[in-house]
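Reader: I am new to this structure and would like a close look at a single part of it, taken slowly and with its surroundings explained.

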Amino acid sequence: MLERIWRPDTYFYNGKHSYVHTITVPNKLLRISQDGDILYSMRLTIKAKCPMELQNFPMDRQSCPLILGSYAYTSQQLVYEWQEGSSVNFVPGMALSQFDLMGSPYRNLTFVRREGEFSVLQVSFNLQRNTGYFLIQVYVPCVLIVVLSWVSFWIHREATSDRVGLGITTVLTLSTISLDSRTDLPKVRYATALDWFLLMSFGYCIATLLEFAGVHYFTKEYEDPFCTIATCGPQTIHPDGIVDETSRRSSTVCSVYNVKIF
């Protein structure tokens, strides 16, 4: 009986993939009232396109539309209208892992194509991204790594290997976090808020290495070409002619222009 009833050729304008559930039988519903009204329903799973603006990622808000209408019948032949009252409902307790559903406004539209004007229905799902995951996995580790790079300020400037090793370790760790954070993101042509944060973290760590290089270069010890080292042997004789056993330890003091040996 269902096949003998006329049904509109409804399709989803921004749909990419969809299918009808058929387990254990095709999930379709048909009701005919006494006044001639027909209720026809089916269970669908739809994968639709959602244009996103990721400049503020991961503190962004997105609006994902779902547009449906007739493929062949124009607005003069077929008109779609939302049912009065609550036309869009959700399963109680439904939750998304990365987003909070802020609202779902819907409206009737007229879509113009080459074949003419078509009546369509649109519902927009307003979503706000949860930042808890990125706060734990990206922001907090990056802040701790930057603070760790500042530990090199308290390391002696002569400990070159320690300070350089600490700086390179922090930079490589930030590189790993940056690559992991963009694994599931589309390759957009602009920088997101997360990219700017990671770039600033890189800047702080690299500035730490540059600070050490500058300090090591401008404060290194001055080597006096006129300074010589003299070692006093065990038979050192002082001008007063008295041999002092404690004077066997050599002592050399070099100045800028002369050499004094005691």
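Which helices do the buried residues of α3 pack against?

Author: The buried residues of α3 pack against two helices, α1 (132–149) and α2 (160–181). Before following those contacts, please keep in mind that this is a predicted model, in which the mean pLDDT of the protein chain is 83 and 84% of the residues reach 70 or more.

A word on the setting comes first. The protein chain holds 3 helices and 11 strands, and from the N terminus on its elements run β-β-β-β-β-β-β-β-β-α-α-α-β-β, which places the helices one after another in that order, with strands on either side. Of the 262 residues in the protein chain, 25% are buried, and among the contacts with a separation of 6 or more, 67% are between residues 24 or more positions apart.

Now to α3 itself, which covers residues 193–218. This helix has 26 residues and spans 37 Å from its first C-alpha to its last, close to the 38 Å expected at 1.5 Å a residue. Its buried residues are Leu194, Asp195, Leu198, Ser201, Phe202, Cys205, Thr208 and Phe212.

Leucine 194 deserves a closer look among these. Its relative accessible area is 1%, and because buried means under 20%, leucine 194 counts as buried. Leaving aside residues up to four places away in sequence, leucine 194 touches Phe57, Pro58, Val138, Tyr139 and Ser181. One of these partners, tyrosine 139, is 55 residues away along the chain, yet the C-alpha atoms of tyrosine 139 and leucine 194 are separated by 8.7 Å. Two other partners, Phe57 and Pro58, are joined to each other by a cis peptide bond with an omega of about 5°, and proline 58 has its place in the loop between β5 (44–48) and β6 (61–70). Leucine 194 of helix α3 therefore has a contact with a residue of that loop as well as being buried at 1% relative accessible area.

Seen from the other side, Val138 is a partner that belongs to helix α1. With a relative accessibility of 4%, valine 138 also counts as buried. Beyond four places in sequence, valine 138 touches Ile177, Ser181, Leu194 and Leu198. Leu194 and Leu198 are among the buried residues of α3, while Ile177 and Ser181 are among the residues with which α2 meets α1. Valine 138 also lies 9.7 Å from phenylalanine 197, C-alpha to C-alpha, although 59 residues separate the two in sequence.

The packing of α2 with α3 can be described in more detail. Their axes are 10 Å apart and the helices pack at an angle of about 170°, which makes α2 roughly antiparallel to α3. The contact between them is made up of 11 nonpolar, 8 polar and 2 charged residues. On the α2 side the participants include Thr160, Val164, Ile168, Val171, Leu174 and Ser181, and on the α3 side they include Leu194, Leu198, Phe202, Cys205, Leu209 and Phe212.

Helix α2 meets α1 in a related way. The axes of α1 and α2 come within 10 Å and cross at roughly 170°, and the two helices are therefore roughly antiparallel to each other. Here Gln137, Val138, Pro141, Cys142, Ile145, Leu148 and Ser149 of α1 meet Leu166, Thr170, Thr173, Leu174, Ile177 and Ser181 of α2. This contact divides into 8 nonpolar and 5 polar residues, with no charged ones. Thr170, Leu174 and Ser181 are listed in this contact, and they also appear among the residues with which α2 meets α3.

A residue of α2 with a less enclosed setting is aspartate 162, which at 46% relative accessibility counts as partly exposed. Aspartate 162 and serine 152 are 10 residues apart in sequence, with their C-alpha atoms 8.1 Å apart in space.

Some caution is due further along the chain, where pLDDT stays under 50 over residues 222–238, a stretch with 23 contacts beyond four places in sequence in the model. The value is likewise under 50 over residues 241–262, for which the model has 28 such contacts.

Notes. Residues are numbered from 1 along each chain as its sequence is written. This is a predicted model: local features need pLDDT of at least 70, side-chain atom pairs count only at pLDDT 80 or more; totals for chains, interfaces and linings use all residues. Side-chain values use heavy atoms; hydrogens and water are left out. Helices (H or I, at least four residues) and strands (E, at least two) are DSSP runs, numbered from the N terminus. Buried means under 20% relative accessible area, exposed over 50%, partly exposed in between (1.4 Å probe, protein chains only). Contact means heavy atoms within 4.5 Å. The expected span of a helix is 1.5 Å times one less than its number of residues. Axes are lines fitted to C-alpha atoms, for helices over the stretch in contact, and angles run from 0 to 180 degrees between N-to-C directions. Angles under 35 degrees count as roughly parallel, over 145 as roughly antiparallel, 65 to 115 as roughly perpendicular and the rest as oblique. Ala, Val, Leu, Ile, Met, Phe, Trp, Tyr, Cys and Pro count as nonpolar, Asp, Glu, Lys and Arg as charged, and the others, Gly among them, as polar. pLDDT is the predictor's confidence in each residue, from 0 to 100.
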